[in-house]
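Dear colleague,

I am passing on a structure that you have not worked with before, and I would be glad if you kept it open while reading. My notes come after it.

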Amino acid sequence: MIMRKIQVMMIAALLSGTTVPGFAQEPDKNNRDAERDRKERQQDLNREMTLEREYDPIVQDAAKINTLPVVRDITISKRPIVYSDYAVPLLPDKEMNTLPAGALMTEVEHGKRNGYLHFAGGMLMNFSGDFGYHLLNTDRDRLNIRFSHRSTNGDVRFSADSLAKRRAKLNDNFGGLDFKHRFDAATLSLGGTFGYSSFNYYGLPTNVPQAGSENDSTTNQGDRYINAYADIASDGGTSAPGYHVGVDYRNFDRKYALSREQDGMTENNIGLNLGISSHINDGRRFGVDLKMNMLTYTAPVTDARSVVPDSAFDNRYEATLSPYYRMESDKLKLLLGVNLMLVSQNETKVFVSPNIALDVPVASWTLFYLNLGGGIESNTMYELSRLNRYINPAFAPDASRTWADLKLGIRSSASAGLWFDVFAGYKYTEADVFYNPSSYGWADDGFNNVSMVFQPVTQRFQAGATLKYDYRHVFDFYLNGVYNYYNFKHLDTWKNIYAADVPDENSDIKPYGKPALTINAGVNVRPVKPLTLSLNYHLLSGMYAYVHAENVKMNTISDLGLRASWKFNDTFGVYAQFNNLLFRKQELYYGYPLQPFTAMAGFNVNF
């Protein structure tokens, strides 16, 4: 009996041992399943969060960008020409500046427009106009026409103490047609320009008067200019060979020589421009350029030809061969080359100049640059007439030969909206170009107040700086100043043949007709979106003229102008401009007074 009870208890214990652990494991299993479900839900949640949350870079991520920021070059916008040079004395470059649509006075965006029209008129019969239209404007073809006009016809006084007045006349017209077609591997450019300018020699006579001679200030001189060009250049990438071939023809004709009784000269200029380059490896290229020029003249018919050597009108040949090596990388840009040059007229002259350019980033947004070059300035009658239209119409200057032209500086965008450039330079030039008033009477009743070309050998030392600031396109200003110092080595002999009293090497020679100090400044304010107020100031100081064997210091040019423009919409805008607000009596060329205070108003249309 006892044994039976013991057996029953053992069997119960065994049964209980199997069932109790089974009940104990059930919660664990449930817990594991719950934990697994929780983790899966968490993973799902994490995946959803990862998909929904966008990457938000922080400042430290900028360190992962292993590229150097691009240094912005300082650009000072050239102010629109709205007068002849009489009213804007500090823009001696007479080439018509055909500005793109919308850039004329109103700053209207022109990306969606094909044409523009600008016209203005003011005191002293000052008129200004520009027209341009894109006849074709596709990815492959572009064809546009353009035309510009500047004119004046008003009285000016010779000095503050003089009551004498003289009528100053100018009618300047310049137009052109340009076509460009892009092939798969090259771009073809064709075009031509035409210009005609008439003006009078209204200035104070400076010649030694002949018996009974008078100065002709009423007859209008006429300058005609024709140009045609063709060019094709490859569009190869950095690894493809490159080439360009260009040819152009220019014809310049003056109506009169030294009087209306004498026929003027004709100048023909044929130019050829060739170049080929080959890729070496990444960012490195070797190439060579060849530029050739041939000038031919039809000599003027003048009584003064007896004192002008025939070689002054001989055919002239110019050639420049420029082999170079170019390298570009994130750390620097380097150009190493040389210019081998030849000028042949009455004699052949060969010379060499370096051709070196270097850009090196020295810090964030700061760049050191160096340019060392040289070259030939043809000094064609057309080029010089656009700088000084009163240049002697019966004489062809020699070409200038620059052996070295060095410029080095630092430019930087120091902070948002602020840019500056500080630079210095040196230039050595043979047969440089300066201007003197004529002082020898060679014509009866002729143009006895023309500007003579004075061509010494010079060394020019230069220093300057440019500063520009723009605050959210609401306020901006620019300031540019350049100081030039000239050292004269010796003089070319027959380049001043008309002048009876040419300064010699022992004289106190000055850079006649050129300022020592030039300052340009401007402020633009936009108090409301359609309105722009602009105040511009120009200063030229240290100019001299050599008159009757004496150095004469010319008055400092100090010109202040104000312009107000209103943009109604992207199509139409108007403006008003006031010049010479300081009421100065001043002259850019000796004996040729500039206009007094003047006002002008005009409009601009984009279509």
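Below is what was found, going from the chain as a whole to particular residues.

Please keep in mind that this is a predicted model, in which local features need pLDDT of at least 70 and side-chain atom pairs count only at pLDDT 80 or more, while totals for chains, interfaces and linings use all residues. Residues are numbered from 1 along each chain as its sequence is written, and side-chain values use heavy atoms, with hydrogens and water left out.

The protein chain holds two helices and 28 strands, where helices (H or I, at least four residues) and strands (E, at least two) are DSSP runs numbered from the N terminus. Of its 607 residues, 44% are buried; here buried means under 20% relative accessible area, exposed means over 50%, and partly exposed lies in between (1.4 Å probe, protein chains only). The accessible surface of the protein chain is about 31300 Å², and carbon and sulfur atoms account for 59% of that surface; such areas come from the Shrake-Rupley method with a 1.4 Å probe, and for residues only the protein chains shown count as cover. If one takes the contacts (heavy atoms within 4.5 Å) between residues at least 6 apart in sequence, 64% of them join residues at least 24 apart.

Turning to the interior, a nonpolar core is a set of buried Ala, Val, Leu, Ile, Met, Phe, Trp, Tyr and Cys residues joined through side-chain atoms within 4.5 Å. The largest such core has 21 residues, and those touching the most other members are Tyr201, Tyr202, Tyr390, Ile557, Leu588 and Tyr592. Two or more residues of this core are given by each of strand S4 (165–182), strand S22 (544–547) and strand S26 (587–589). A second core, separate from it, has 17 residues, among them Tyr225, Met265, Met381 and Val433.

Side chains of opposite charge can pair when their charged atoms come close. Counting a salt bridge as a side-chain nitrogen of Lys or Arg within 4 Å of a carboxyl oxygen of Asp or Glu, the model has 16 salt bridges. One of them joins Glu430 and Arg401 at 3.0 Å, N to O, and this pair links distant parts of the chain, since Glu430 lies in strand S15 (residues 418–430) and Arg401 in strand S14 (residues 400–415), 29 residues apart. Glu430 and Arg401 are both buried. Glu347 and Lys349 form another salt bridge, with their closest N and O atoms 3.7 Å apart; Glu347 is partly exposed at 45% relative accessible area, and Lys349 is partly exposed at 26%. In addition, Asp172, Arg386 and Arg389 are linked in a network of salt bridges.

On the surface, Tyr471, Val474, Phe475, Val523, Val525, Leu533, Leu535, Leu562 and Phe578 make a nonpolar patch of about 650 Å². Patches are made of residues with over 30% relative accessible area and no salt bridge, with like charges joined within 9 Å and nonpolar side chains (Val, Leu, Ile, Met, Phe, Trp, Tyr) within 5 Å. Strand S20 (517–525) and strand S21 (531–541) each give two or more residues to this patch. Phe578, in strand S25 (residues 572–579), is partly exposed, with a relative accessible area of 32%.

Finally, Ser259 sits in the loop between strand S7 (242–254) and strand S8 (266–281), and it counts as buried because its relative accessibility is 3%. Apart from neighbours within four places in sequence, Ser259 is in contact with Asp445, Gly446 and Phe447.

With kind regards
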